[in-house]
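Student: Could you take a close look at one loop for me and then work outwards from there? I'd like the backbone first, then the strands around it, then whatever else is worth a look.

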Amino acid sequence: MRRLNFASFGDDAAITAMATDPDGNLIVTGTTSNLQTRNAAQPASLEAGVLRSDDLGKTWTRLGRPPEDVKGVVPDPVYPQILFAAGDKGIYKTVDAGQNWRKVYSWTGQFIGALTIDPGNHLRLAAASYYGPFVRSVDGGETWTTIAASPYHVAADPNGSGGLLAWDTSLSISRDWGVSFEKLSPPGGAITAASFSPMRPGWIYAATTAASAGTLSVSKDSGVTWTHTSSPARYTGFLYFAVDPNQPDTLVGMASDATYRSTDGGASWAKASALGVGISPYQPLPYAYVGRQCSAGGGLFVAQSHGPRFPTFAAQLAFSQDYGTTSGVPQLTYVTSMSMIGCSVYVTRGTTPQPFVAKLAADGSTLWATYLGGSDMDVPVALTVDSKGAVYVAGHTTSPDFPVDAPRIGPRGVSSVFVVKYAPGGAVSYSVLAGGSSGVMASALAADDGGNAYIIGSTDSTDLPTTPGVFKTTLEITDPWSGFLTKLSPSASAVFTTYLGASATSIVIGPTGELVISGTGSAPFLASPNGAAHFVMELDSAAARMVGGVYLSGTGGGYGPFLAKDNSGNAVAMGSVYVYPPTAVVTPGAYTPPDFASGCMGIKTNYYGGTGLYVTKLRISDLKTVYGALLTMTCGPQYQPTMSVDAHGAVALGFATGGGLALRNPFLTGAACGINSGAVMRLSADGGSLDFASYLDACYSPVVASAPDGSLYAGAKHGYSGPTGVLRIPATTPSGISIDRISNAFSGDASAVAPGGLYAIEGTGFAPPTADLGLAPSRDLPAELNGVRVTFNGAPGSILRTGTGRVIVAAPPELPAEDAASPQNRSRRKVGAGFTAVRLIYNGVASEPVWAPVTKSLPGLMTKDGLTPMDDDGYATGAVRNQDGSVNDIDHPAPVGSTVTLMATGLGSAGPSFSPGTVAQAAGQPAATALYSTWTRATPGYYPPAETVTWVPGLVSAVFQIQVHVPSGVSGTDVGNGVKLAPVGVLFQPQLYVYPSVSNVVGVYVK
């Protein structure tokens, strides 16, 4: 396996889809902000942080991207090409309408506040931030002076008097642009919002809150006296408040529950029914009033995070001609501020990584790489390659300037679906947008040998341009969103568009043009399922009628279903199963993973939810099941899984999970990122065997793609915040010995290896004679037994037991040190914490090295199953000794107040003299990590001592005994005669809401 690096792939990159072409090249799409383009159709990102519209939002002009995301913008009222923008690192200025930005003031911390300019003197600016100072400039932003007061809201007098309002919880006014301030005392409680009146000099409005009631007051003499007016704010004061500069009695205020409008100076209020609740109340005003010279009757722009017309994306912008009774189509995303000069509206938005498409040769070199998209949010979700090598990419966009060269399909709405086709050399063959007047999102894409593209997704638009004779021409809304399907000709015109009447997630095209579609919920013309379900249905090639359908039994509630096809006329459906016990279709002979003794991240009782992934292969001709397999994993699949099917029918899966995953010829044997660890798995074409399965040194679900030569690609992120790249897994698998699992010999925990612990090495390709030297051997354990040796980073382990496919070995006392996450937070363990390369050598033949995560200490408690821990639905009975030396069992329970002895391994390095394969001569106390039982509880002012841990004379030094006190009040299962079977584990600190324990949990009989 080797990593193929894209040029300049950034840490914020994400791969969303991959495919290979007939020549074995890899095509990738995703998002990044740092792409090294090559032979690019779009060589630069068009993402914009500042935009301007001169036609009430019909079109937008990019004003560039300052060096950081900015959250406030003001244009110079005299020279519109001069703009100022504020971000977390400072204030920026451009004199050429955004082509170039330079920092004119620096501060540290997060910018939460306001930036304003004096309408009466364009050289005067002021800025305030919750985490920074209150500053002003009188020379066009070239120099700045700190003002004594430090609120984080500031507003300039629109009448040009040079006045400033400044507030946090109290309100002050400056009449000389910040040279001096006077505190104002409006009635009520804490100040929540304030505003000058644009057409009435000396008028000031102040919104306050006291307890759960909001108030609004007005002063007509610059704050000397105040008069109450009404406020509709029910739970607090207005978060924002502004006065219409054209109509001084028209007021708009945003409260925590809704936006309100008054047309009589605040005497009465009505909800602005088309508007919801806006962006953060710590950001600049989310309104911009529009003058009557720009729009008859005026109106306002508003940025909303959610509301009646803002269902899909965060903080979108819309223009309302009637102050909120109705609202135009939302535009842009992640809007953080706005301002208005004349008829031009300026906005800032939080920038997002830009889509890209790249084509790599089989050796990882870049053939071409290009950006894709416009100035706003563009999300690529699907990619496919046709038989001629043409590349199709689909997704959804809110960019008003997404580059297109074909006529739009359908009206413009909140969002649009895009499909871009590239020639094999990277030139754009076409780029087209489609959608309706409301929202639309893409989910999958397919292409046929004729160059036609098929895009499916979801929409709440009732006016998609459906064509006569298709499956469904109207949207019947029982759920607000419905699936849709559009077929594009090779010239990007719509061949047909149909609603699907159900949620749709994936599509493949059959050998004779059949349209095989997967989705969730109730499939059209099939009986309603018993609860949530995944389905596969088939339409004819014209999308005129449904010719078949099937539910994938018991698979509802998870991710999917996703579809792929092979060259034998089969479709493969895959999805996650959140049903326990699972009821997905499993056919005789299908591969079934083993059920391991340890649970999720090593703790059987720690169940994170989720069962596994189902894989169902169907004949496209009649949707009959070829095979059904259920790939269970103890932690369940996390995040959206991905799938690829090669020409022979082998199914590759990419997903994220934690411990408890079956492995085959792995590269990495343990979860590197807790329950979010990336993993790949390949199932044989007949579904009967596992060809390959491994964890990756990566977090989250990797995207997978199968190459014609049988190799497998996985797009993965290194760590939680590291770089994103592509891993290539060769087609050839190691011959001979395969190490498939490395687990604690007492607990079965396979999540990590601790120095000096006893570990079971399991796999195939080695069958030495059976030998067991036991935990109390007559001599020190050897480095070789029956021709078997095991090394950790080249250092030999000590062999305790050999047998077919399973060896017990004591790891060396020194392994790579834990340097990332604390042991008690293994579920959040980061990549880079340290790995050890493990090899098994049998009769001189060595396995390929496999890597196991290393931890400082990870105890495993011994069960009555000894060195062969068995699966248990709850917790296994421990190998426990009572204080009197008797074996703890139902007939010999431990009395409350006594001490029991637990046996453990994997406690970590125990000092320089520690040699795990030697026989302990005395019960010395090692310098191991302090341990506490789950029965131990810290209380305020009391921190109990650690449990006593010692070696066991006569046993190998890899084994320890832990003395645990049995307190009163221990909970457990009653087994009769006053005896309880009580669970106990060990922790790295006394129990103060610590869960899970760091060991497995074993049962102790207590009375």
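Tutor: Start with Leu-56, which sits in the loop between E4 and E5. Keep in mind that this is a predicted model. What is the phi of Leu-56? Phi is near 60 degrees there, a positive value in a residue other than glycine. Most residues other than glycine have a negative phi, which is the reason to pause at this spot.

Now the strands on either side of that loop. Strand E4 covers residues 50-53 and pairs with E5 in the antiparallel sense, over two bridges. If you want a spot to click on, take Leu-51, whose bridge partner in E5 is Arg-62. Both strands belong to an open sheet of four strands, ordered E5-E4-E31-E30, with antiparallel pairing. Strand E5 (61-62) and strand E30 (335-341) are at the edges with a single partner strand each, so each has one side left without a neighbour in the sheet.

The far edge, E30, leads to another positive phi. The loop between strand E29 (316-320) and E30 holds Tyr-323, and phi of Tyr-323 is near 60 degrees, again a positive value in a residue other than glycine. Is Tyr-323 buried or exposed? Tyr-323 is buried: its relative accessible area is 6%, and the cut-off for buried is under 20%.

A third backbone detail concerns a peptide bond. Gly-560 and Pro-561 are joined by a cis peptide bond, with omega about 0 degrees. Most peptide bonds are trans. Pro-561 belongs to the loop between strand E45 (546-552) and strand E46 (562-565).

Next, a strand with a lot of cover. Strand E32 spans residues 354-360, and seven of its seven residues are buried. In a regular strand the side chains alternate between the two faces of the sheet. Here, Gln-354, Phe-356, Ala-358 and Leu-360 point one way from E32, while Pro-355, Val-357 and Lys-359 point the other way. All of these are buried, Lys-359 included.

E32 has strand partners to look at as well. Strand E3 (residues 26-32) runs antiparallel to E32 and is joined to it by seven bridges; Thr-32 has Gln-354 as its bridge partner there. E32 also pairs with strand E33 (residues 366-371), antiparallel, over five bridges, with Leu-360 opposite Thr-366. E32 and E33 make a hairpin with five residues between them. In that turn Gly-364 has a positive phi of about 95 degrees, so here the residue is a glycine, and the remark about residues other than glycine doesn't apply to it.

There's another open sheet of four strands, in the order E6-E7-E8-E9, with antiparallel pairing. Its edge strands are strand E6 (70-75) and strand E9 (102-106), each pairing on one side only. From one strand to the next, the twist averages 25 degrees. Five bridges pair E6 with strand E7 (residues 83-87) in the antiparallel sense, and Val-70 stands opposite Gly-87.

Further along, go to strand E57 (residues 758-764). Five of its seven residues are buried, so E57 is largely enclosed by the rest of the structure. E57 pairs antiparallel with strand E56 (residues 738-744) over six bridges, where Ser-743 stands opposite Ala-760. Strand E62 (residues 806-810) also runs antiparallel to E57, joined by five bridges, and there Leu-758 faces Ala-810.

For side-chain contacts, try Thr-802, in strand E61 (residues 798-802). Thr-802 is buried, with a relative accessible area of 2%. What does its side chain meet? A polar atom of the Thr-802 side chain lies 2.7 Å from the backbone oxygen of Pro-769, and the side chain of Thr-802 makes a polar contact with the side chain of Asn-786 at 3.1 Å.

Last stop, the cavities. A search of the whole structure turns up six of 30 Å³ or more. The second largest has a volume of about 60 Å³, and its lining residues include Ile-409, Val-440, Phe-484 and Thr-497. By class, that lining has seven nonpolar, three polar and no charged residues.

Methods:
Residues numbered from 1 in each chain as written. Predicted model: local features only at pLDDT ≥ 70, side-chain atom pairs only at ≥ 80, totals over all residues. Heavy atoms only, no water. Buried < 20%, exposed > 50% of the residue type's maximum accessible area, 1.4 Å probe, protein only. Pairing = 2+ DSSP bridges. 1 Å grid on protein atoms, 1.4 Å probe; cavity = no way out; pocket = protein on both sides within 12 Å on 5 of 7 lines; lining within 4 Å. Points joined across faces, edges and corners; volume = space filled by probe spheres on them. Nonpolar A, V, L, I, M, F, W, Y, C, P; charged D, E, K, R; others polar. Axes fitted to C-alpha atoms, helices over the stretch in contact; angles between N-to-C directions. Polar contact = N/O pair within 3.5 Å; in protein donor to acceptor, adjacent residues only side chain to side chain.
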